[in-house]
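Visitor: I would like a close look at the aromatic pairs here. Please put them in the setting of the chains that hold them.

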Amino acid sequence: MADTPILVMKGIRKTFDKSVALDDVSFELNAREIHGLLGGNGAGKTTLMNILYGLYKKDSGEISLHEKKINISSPRDALHKHIGMVHQHFLQITSFTVLENIVLGTEIHNKYSMDLSVEATKIQALQNRFNLAVDLNISIGDLPMGTRQKVEILKALYRGAEILILDEPTTNLTPQEVDDLFKSLRVMVDQDLSIVFITHKLREVLSVCDRISVLRNGRNVVTLKRDEANEEAFVRGMVGDEMDIQNSVIFSRGKSGQIGAEHIRAEVCLHLDQVQLASQGSVPRLKDISFKLRHGEILGIAGVAGNGQRDLAEVILGITLPTGGKVELDAKDILAMPTNQRLESGIAYIPEDRLLDGFLPKASVAHNLILGFHRKAPYSSGGFINWNTVHRTAAELIKTYNIKTSGPSDVGGNLSGGNIQRVLIARAFSKPANLLVAHNPTRGLDIPSMDFVYSRILEEKKKGLATLLISEDLDELLLLCDRIAVLYRGELVGTLDRSKFEKYEIGRMMSGYRAEE
Amino acid sequence: MTIMAKSKPTILNTLIPYVAAILIALAAVGVFIALMGFDVLKAYYTILFTSFRTPNGFIQTLLKFIPLVLQAYAFTVPLAAGKFNIGGEGQLIVGAIGAAAVGILLPDLPPLLLIPLVLLGGIVAGALWGFIPGWLLYKFNINEILTTVLLNFVSFALINYVATGPWRDPAAGHPTTIPIGRGGYLPLLVDNPPLHAGIIIALLVAVAVYFYTTRSTAGYELVATGANPRAAGVFGINVKYMFVLSIVIAGGIGGLSGAIEVSGVQHRLIEGLQHNFLVLGLIIGLIAKGNNMAVPFVAFFIAVLEVGASAMQRTLMIPVEMVFIVEALVLLFVLLSDVVRRK
């Protein structure tokens, strides 16, 4: 009985406008298993599960549950069939308590008095059964991400989910919280739940899943049991045959340890001294930030999202002015310098929020590729833009960075998220720079593109580029950085050298513990 | 995800919704004209061909075209930066006042000096009038739609004050000033029927706006600001400055349209010289969807309709308002075509 699938998806096809997101994809889920759904960005993992959860309508294919064909029209319908999903970005009301968030939108026993004790008892039973301890009476805004995730899982379980879909559940969790989550998942399958675990991180599926399916470009690649397969097979499945794995940064760098330390030069490129940024409220946005970043060095800024990363980047770029402290570039005070001059004096910037901060959807791809450099030669001279040069350069960048677009005059809004990210990266690397401030530079990219970005950063490092790599992806930081500093509530709680990199130590600092010096 | 190549928009593809919108609008109005008992085909013929049948009709059309195209640019230039200038009317009036003031105060200058000074007076006055909402936006973040509209009302009072003040022409029954110096009259390109040189200025403005917005660095910053002000700011463009600049430029263009009315048409300041140019300018800008290349063509089309409308009223006794309805319907259908295409 154990190997009869309770859920079968067969021949699923889904197109958005003219692009094919899923093509003849099949998926099976057994009872009491954790099934990993692995693939790079744009592989179609989330699309497939959104179809199962009733968020998207499939174009063709069939779904059967317990050997009965079903049709899922909406998330409500999915929950009715005991399928629940936890999304990557939680939809929680921060001023409500945990209990209120869980019961929100469900039938409440004492509707008029809002006495939730009946519901609380039910939830406590679930908590005991699945070992998911959370205090129900705390407002949710005060909780760390790992706990908020548990609430989200409880929400699905409270609604009767027996099949639980987790979409990239480890985003924004510290390594400790990830371990915790994995333990809970084990308890849940022991208690008769079945889980689909969507991720792009190979290590995670290998450590927690029973079976693993790999998707690439909207197609099935392979489904294997955990113990039948080796890492190599999954890597191939994810990246395809074209990528040179041996020479890739992602798959080879970690093994050879210290690479690139010899490129670090003595000259300091960026120096922040006691930088403060007060906010209207009581908690400062940045507090006493001091660090030196040398030429040829990559300094990582780790931290859970929303701990001041964006403010830090914007203070360096001059978009936000600090309320105290000094910012020096190559030993020159740049506090009084406006953003455009900072960009001209050699700071390249890849902003975090590509749509809001980095892209002109209504302008052409060529417009986008020169944003920030548009006043400088060779793009402009005497107050006029040299569109011939711009278009020629844009065409080259489109080719080098594999941007999928009809050409330099294509309207930016026609590009997909991953391609917009490529535009931002192409722009940042299109001019020689002294300092690169990159905030989540590989978000939304597939693995070969991520690898390309990493190799570009390392190449420029050899030439003396100083990089401030602000990232929520700890693996990315561990892979590339010479040092990692951890940002917690606007403060740097510690800095580690590459020789002392340790995931759990960084994880502790990400939740606010100071490093022992 | 695989991205398929999108079909490239050809000129034909872009024109189809416009032609369709015009046909549907004309058909809709035809129903009303027929119900009112007039000859529909004759009405169509008059509306569309008056401009092209006689030299007089064509010159009338060009004279209408001048203020319309300038008013349309006063709207579309700030629109490129994402700002709405609804103050073209006030900028025209204040520009006319500035032009008239120069022309009245320096009546004896030769044309070579006075014409440029009169035009400049209009441009500067209009730009200053545009600077007020620009500054309020820059300093206090006050919505420019509100301030530009309200300043139109202020300009009505201002022209009334000037035209009934010390420069008043006592012989006129309507608030009017004495004429500007002869040297300030725009020269005529054609004597009979008269066509003044304003048409050349209007075409020069069209070329300048086109080059400014598509070729210059400042124009690039204007477009970037309009496309995404936040990203433009992150990459070093002083967005607030661009907002102000765009409204000041628009004010200058609006002021120029007022100066041309004074120096080319009226030769004096007359209350009411703004007609309904603002509303038509907005309609032109919106039908052109803010595309500065398309503005002159749309403006010419609207000028044809306007001239046809007057002729229709004169010869067929059909009220000119019928043509306003056509213009409004064309705009509605063009906007609607976007919605239809998205579905």
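Guide: What follows goes through two aromatic pairs and then the chains around them.

The model is predicted. A search over all chains finds 13 aromatic pairs in the whole structure. One of them is formed by A:Y401 and A:F452, whose ring centres are 5.4 Å apart. Their planes meet at 80°, and pairs over 60 degrees count as edge-to-face, so this pair is edge-to-face. The two residues come from distant parts of the chain, 51 residues apart. A:Y401 sits in the loop between α14 (387-400) and α15 (417-429) of chain A, while A:F452 belongs to helix α16 (residues 447-462) of chain A. The pair therefore joins a loop residue to a helix residue.

The two partners differ in exposure. A:Y401 has a relative accessibility of 7% and so counts as buried, the cut-off for that being under 20%. A:F452, at 29%, counts as partly exposed.

A second pair lies in chain B. B:F65 and B:F300 are also edge-to-face, with 6.3 Å from centre to centre and 65° between the planes. Here both partners are in helices: B:F65 in helix α3 (residues 55-80) of chain B, and B:F300 in helix α12 (residues 295-316) of chain B. They are 235 residues apart, so this pair too links distant parts of its chain. B:F65 is buried because its relative accessibility is 5%, whereas B:F300, with a relative accessible area of 25%, is partly exposed. The pair does not stand alone: B:F52, B:F58, B:F65 and B:F300 make up one aromatic cluster.

Now for the chain that holds this cluster. Chain B has 13 helices and two strands. For its 343 residues, a compact globule would have a radius of gyration near 20 Å; the value for chain B is 21 Å, which agrees. Its C-alpha atoms fill a box of roughly 70 × 60 × 35 Å along the principal axes. Of the residues of chain B, 53% count as buried. Contacts between residues at least 6 apart in sequence join residues at least 24 apart in 73% of cases in chain B. The B:F65 and B:F300 pair, at 235 residues apart, spans a separation of at least 24.

The surface of chain B comes to about 15,500 Å² exposed, and carbon and sulfur atoms supply 73% of that. Its charged side chains number 18 positive and 13 negative, and the centres of the two sets lie 12 Å apart.

Chain A, which holds the first pair, has 18 helices and 22 strands. With 517 residues, a compact globule would have a radius of gyration near 24 Å, and chain A has 24 Å, which agrees. The C-alpha trace of chain A spans about 70 × 50 × 50 Å along its principal axes. In chain A, 55% of the residues count as buried. Among its contacts between residues at least 6 apart in sequence, 67% join residues at least 24 apart.

Chain A exposes about 22,500 Å², with 49% supplied by carbon and sulfur atoms. It carries 62 positive and 65 negative charges, and the mean positions of these two sets are 4 Å apart.

Key: Residues are numbered from 1 along each chain as its sequence is written. Chains are lettered from A and ligands numbered from 1 in the order in which they are written. Side-chain values use heavy atoms; hydrogens and water are left out. Helices (H or I, at least four residues) and strands (E, at least two) are DSSP runs, numbered from the N terminus. The radius of gyration is taken over C-alpha atoms; the globule rule is 2.2 Å times the number of residues to the power 0.38. Buried means under 20% relative accessible area, exposed over 50%, partly exposed in between (1.4 Å probe, protein chains only). Contact means heavy atoms within 4.5 Å. Accessible areas come from the Shrake-Rupley method with a 1.4 Å probe; for residues, only the protein chains shown count as cover. Lys and Arg count as positive and Asp and Glu as negative; His and the chain ends are not counted. The place of a charge is taken as NZ of Lys, CZ of Arg, CG of Asp or CD of Glu. Rings of Phe, Tyr and Trp (its six-membered ring) pair if their centres lie within 6.5 Å; planes under 30 degrees apart count as stacked, over 60 as edge-to-face and the rest as tilted.
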